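The following note sets out points for a colleague's consideration. It turns to the ligand site and then to aromatic pairing.

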Amino acid sequence: MTERIREFLRTRREDGPCLVVDLDVIRENYGKFARALPETRVFYAVKANPAPEVLKLLAELGSCFDTASVVEIELALAAGATPDRISFGNTIKKERDIARALELGVRLFAVDCEAEVEKIARASAQVSIPAAEVKVFCRILCDCVGAEWPLSRKFGCVPDMAVDVLEHAHRNGLEAYGVSFHVGSQQRNTESWDVALASASAIFRECAERGIHLSMVNLGGGFPTKYLKSVPAVEAYGEAIFQALSKHFGNRLPETIIEPGRGMVGNAGIIEAEVVLVSKKSRAEDEIRWVYLDIGKFGGLAETMDESIRYPIRTEHEGTPTVPCVLAGPTCDSADVLYEKEPYMLPVSLEIGDKVLIEGTGAYTTTYSAVAFNGFPPLKSYVI
Ligand SMILES: Cc1ncc(COP(=O)(O)O)c(C=O)c1O
């Protein structure tokens, strides 16, 4: 918790949970990424926190932007990024959205199959932009072992197929630009990039044999933020990635980009919430307590799904005896339970009306919050 956030919350009088994001922390995080991987361009993953103030700061610092939709592209442009600093990194796009992105000046697109390549080729013809000016990179599958929020099989293709997809792009007149992967979000193993880079270099070689010379490796996101467990520093990731790049590409290092989301903004945000109810389900002595907050899965804490992300929670009773509690949100949906399989240790003295601080919530919270499920408003956000 930074002094600025503490001061902001001290004077806040409004009701309801809120997220407070400290821009100074994001400035510091950007500097750490830039220093840890000095030859690599940073494409901030807008999905992590698209608050205009966050995007404006990052644009001023020189960041590029990884976007998932036309709306995110427009947000990045409004924040001051030029289109050459924006990539459309979603592998699942409507053809008309690709055309709109092209009209807005974006020239860098992710694909993971031939059908998506064809959409990009058709869209560029439709808006009269020479296909040769449009760059595509092919995303490959990653096993995501070691990631607390794995990105599964939904995105990417096997490396062998990536060669065909890139050749297809080349035959369609597009620039087959490179390879991307994502080692899984909140990836605590710095070695995870090694296997993916081995595949990327094999794709570079195979493409070269087919007369296609790739330029770029997109190393994705995955850089963690600190929740309950400790995580390696950004410098350790920079070092491990540099070693893996050298091992697999020798002295012909490709152009590289990273797409940090969580690692850029996670630790910059704190949610202040309130205890609505503390209860038990029976009078038995050993009966576990239930603590209900005014925020839950539908209010922005969606990443507690399967209890994947365990946020640090602070109360005003620090240092007093604790008991295991089931922690739940306020809505009338029984899926709205945050931690039950592994109950959360909270102070015995925690009472109805107490404030709690949920740390590390700068990423993947506001945009996950429902508009009005059960009549609760979306999570408020203040960027200071
Ligand atoms: C294409 C892409 N890039 C980057 C990210 C950001 O990942 P992280 O928040 O783990 O840094 C994501 C997250 O879903 C993604 O899908």
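1. In this predicted model, a backbone contact opens the description of the ligand site: a polar backbone atom of R262 lies 2.9 Å from an oxygen atom of the ligand. The ligand exposes 400 Å² when taken alone, and the protein buries 92% of that area.

2. Two further polar contacts concern oxygen atoms of the ligand. From the side chain of H182, an N or O atom is 2.8 Å from a ligand oxygen. For G222 the partner is a backbone N or O atom, at 2.9 Å from an oxygen atom of the ligand.

3. The surroundings of the ligand comprise 13 residues, of which H182, S185, E259, G261 and Y364 come nearest. Sorted by class, this shell contains 5 charged, 5 polar and 3 nonpolar residues. The ligand takes up the space of the largest pocket.

4. As to aromatic pairing, the count comes to 12 pairs, taking ring centres within 6.5 Å as the criterion. One of them joins F204 and F249 in an edge-to-face arrangement, with 5.2 Å from centre to centre and 85 degrees between the planes.

5. Where do F204 and F249 lie? F204 belongs to helix α8 (residues 192-209) and F249 to helix α9 (residues 234-249), so their pair ties together parts 45 residues apart in sequence.

Note on methods:
Residues numbered from 1 in each chain as written. Predicted model: local features only at pLDDT ≥ 70, side-chain atom pairs only at ≥ 80, totals over all residues. Heavy atoms only, no water. Near = heavy atom within 4 Å. Polar contact = N/O pair within 3.5 Å; in protein donor to acceptor, adjacent residues only side chain to side chain. Areas by Shrake-Rupley, 256 points an atom, 1.4 Å probe, with all protein chains shown as cover. 1 Å grid on protein atoms, 1.4 Å probe; cavity = no way out; pocket = protein on both sides within 12 Å on 5 of 7 lines; lining within 4 Å. Sits in = over half its atoms within 2 Å of the grid points. Nonpolar A, V, L, I, M, F, W, Y, C, P; charged D, E, K, R; others polar. Phe/Tyr/Trp six-rings, centres within 6.5 Å; stacked < 30°, edge-to-face > 60°. Helix = DSSP H or I, 4+ residues; strand = E, 2+ residues; numbered from the N terminus.
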